[in-house]
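Trainee: I am new to this structure and would like a close look at a single part of it. Could you choose a place to start and then lead me from there into the interior?

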Amino acid sequence: MIRPKYKIAVIKDKTPLHDYLAVIISSNLPGWKPGMIKWEAKMVNDSIGRGILYILNGMPKVEGFYFKGNRIYGDWHREGTTVTESASSKYEPVAFRKLSDKTSYLKISTFSPSNATNIDSIVKANKAILSNTPNLVLDLRGNGGGADYTFTPLMDLVYTGPIKHIGNDLLSTDANIAGWKNILNDNDRSEENKQSLRKTVASLEANRGKMVMNANDFDITGYKIQPNPAKVVILIDNNCASTTEEFLLQSRQSKKVTLMGQNTSGTLDYSNVLQAPFSCMQYVLNYSSSRSRRVDVGQGIDETGIKPAVYLQEKDDWIKKAQETLEH
């Protein structure tokens, strides 16, 4: 039996916006809590719906939903239905294994602050193997993002030289100030990260009504060039979003990195998601508070996503394809 990532209640709720709502009942994934909406759909016909799927970082993604028997969209199964577990269906926050003497496999399912310690620990625990193995498959499929500082332990694995980083700006408003202050209550964040957040809040408070630089443009040069892994394939799909896309923009500048899979979600140009509660109902508004200056120079990725160098089909064994690419 597959251990569910979460349980949802599918509620028939006919409105001009949707016919069905899927609400989280229980979850073993960081960031998903009972009562949160996972998706909403308006039916096109008896078996197909169109609507919004909310991914790991709470960002909305336009999606189709296929209703058939005891399944919806292929990912959800009616409670009590027997489903055979496959290696790809098991949720693991992080995972590591050797695929062969030449190739290692590292999976990072989320860059959420709650997963930061796991990411750091798994890289450190396997440092000897990584430094003595020429190839690495880095699997980021389904990673909807989180916080940029969490991918720092991965940078030494991909770095080959200076990385150009384009910063972003914030509009100083009362709502944005309150939202950034609220992030400081996240106990999963490190004290170093909170110090940076306090500087952001101070800058916003000193420049009300103005655009404030949240991150400047600069070259990232602080990592060491490691001989191994010498080649890295990063697996990506359309559920890769936000912080994950920031990591990809940086890592694809490496001479040792190849992106394989499918286009990412394209939800980064407007990012740093904040929450604002509704006054009249038990909902919150998730909204982007920053705008990348990447948009101003025609390098925006929203809607189109980041394209892989090598496209893969759904029917392909992606890990096997990545290993074959690295070893041949």
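Mentor: Let's start at Asn272, which sits in strand 17 (residues 270-277). Please keep in mind that the model is predicted. The phi angle of Asn272 is near 50°, a positive value in a residue other than glycine. As background, most residues other than glycine have a negative phi, and most peptide bonds are trans. Asn272 counts as partly exposed because its relative accessibility is 29%, and a residue has to be under 20% to be called buried.

Ser242 also has a positive phi, near 55°, without being a glycine. You will find Ser242 in the loop between strand 15 and helix 6. With a relative accessibility of 9%, under the 20% limit, Ser242 is therefore buried. One more backbone detail is in the loop between strand 14 and strand 15, where Pro229 lies. The bond between Asn228 and Pro229 is a cis peptide, with omega at about 0°.

From the loop of Ser242 we can move on to helix 6, the part I would like you to study closely. How many of the residues of helix 6 are buried? The count is 9 of 9, and the helix is described as mostly covered. The buried residues include Thr243, Glu245, Glu246 and Phe247, as well as Gln250 and Ser251. As a group, the buried residues of helix 6 pack against strand 10, helix 3, strand 11 (163-165), strand 14 (218-220), strand 15 and strand 16.

This brings us to the largest nonpolar core, which has 32 residues. Phe247 is among its members with the most contacts inside the core, along with Leu106, Ile108, Leu138, Leu140, Leu154 and Ile234. At least two core residues each come from strand 8 (94-98), strand 9 (103-108), helix 1 (116-125), strand 10 (135-139), helix 3 (152-158), strand 15 (231-236), helix 6 (243-251) and strand 16 (257-261). Helix 3 gives the largest share, 4 residues.

Leu140 is a good residue to click on here. Beyond the residues up to four places away in sequence, Leu140 touches Ile108, Phe111, Ile234, Leu235, Cys240, Thr244, Phe247 and Leu248. Elsewhere there is a second, separate core of 16 residues, with Ile8, Ile24, Trp39 and Phe67 among them.

Now look at Asp139, which lies in strand 10. Is Asp139 buried or exposed? Its relative accessible area is 3%, under the 20% limit, so Asp139 is buried. Setting aside neighbours within four places in sequence, the contacts of Asp139 are Tyr105, Leu106, Lys107, Ile108, Leu235 and Ile319.

Several of these names lead to paired strands. Leu106 is in strand 9, where it stands opposite Phe96. Strand 8 and strand 9 are antiparallel and share 5 bridges, and a hairpin of 4 residues links them. Leu235 leads the other way, to strand 16, where its bridge partner is Met260. Strand 15 and strand 16 run parallel and are joined by 5 bridges. In strand 16, 4 of the 5 residues are buried.

Helix 6 also takes us to the cavity. The search of the whole structure turned up 1 cavity of 30 Å³ or more, and the largest cavity has a volume of about 40 Å³. Its lining includes Gln250 and Ser251, together with Val158, Tyr159, Pro162 and Ile163. Sorted by class, the lining has 4 nonpolar residues, 6 polar ones and no charged ones.

For contrast, visit the open sheet of 7 strands, with the order 1-2-3-4-5-6-7 and antiparallel pairing. Strand 1 (6-12) and strand 7 (76-77) are at the edges with a single partner strand each, so one side of each has no neighbour in the sheet. Within this sheet's numbering, strand 3 (residues 37-43) and strand 4 (residues 48-54) are antiparallel over 5 bridges, and Glu40 has Ile52 of strand 4 as its bridge partner.

A last stop is Gln313, in the loop between strand 19 (310-311) and helix 7 (318-327). Gln313 is partly exposed, with a relative accessible area of 48%. Apart from neighbours within four places in sequence, Gln313 is in contact with Gln262 and Trp318.

Technical notes
Residues are numbered from 1 along each chain as its sequence is written. This is a predicted model: local features need pLDDT of at least 70, side-chain atom pairs count only at pLDDT 80 or more; totals for chains, interfaces and linings use all residues. Side-chain values use heavy atoms; hydrogens and water are left out. On a 1 Å grid over the protein atoms alone, a cavity is a set of points where a 1.4 Å probe fits but cannot get out, and a pocket is an open set with protein on both sides within 12 Å along at least five of seven lines; lining residues have an atom within 4 Å of a point. Grid points are joined across faces, edges and corners, and a volume is the space filled by probe spheres set on the points. Ala, Val, Leu, Ile, Met, Phe, Trp, Tyr, Cys and Pro count as nonpolar, Asp, Glu, Lys and Arg as charged, and the others, Gly among them, as polar. A nonpolar core is a set of buried Ala, Val, Leu, Ile, Met, Phe, Trp, Tyr and Cys residues joined through side-chain atoms within 4.5 Å. Buried means under 20% relative accessible area, exposed over 50%, partly exposed in between (1.4 Å probe, protein chains only). Contact means heavy atoms within 4.5 Å. Two strands pair if DSSP finds at least two bridges between them.
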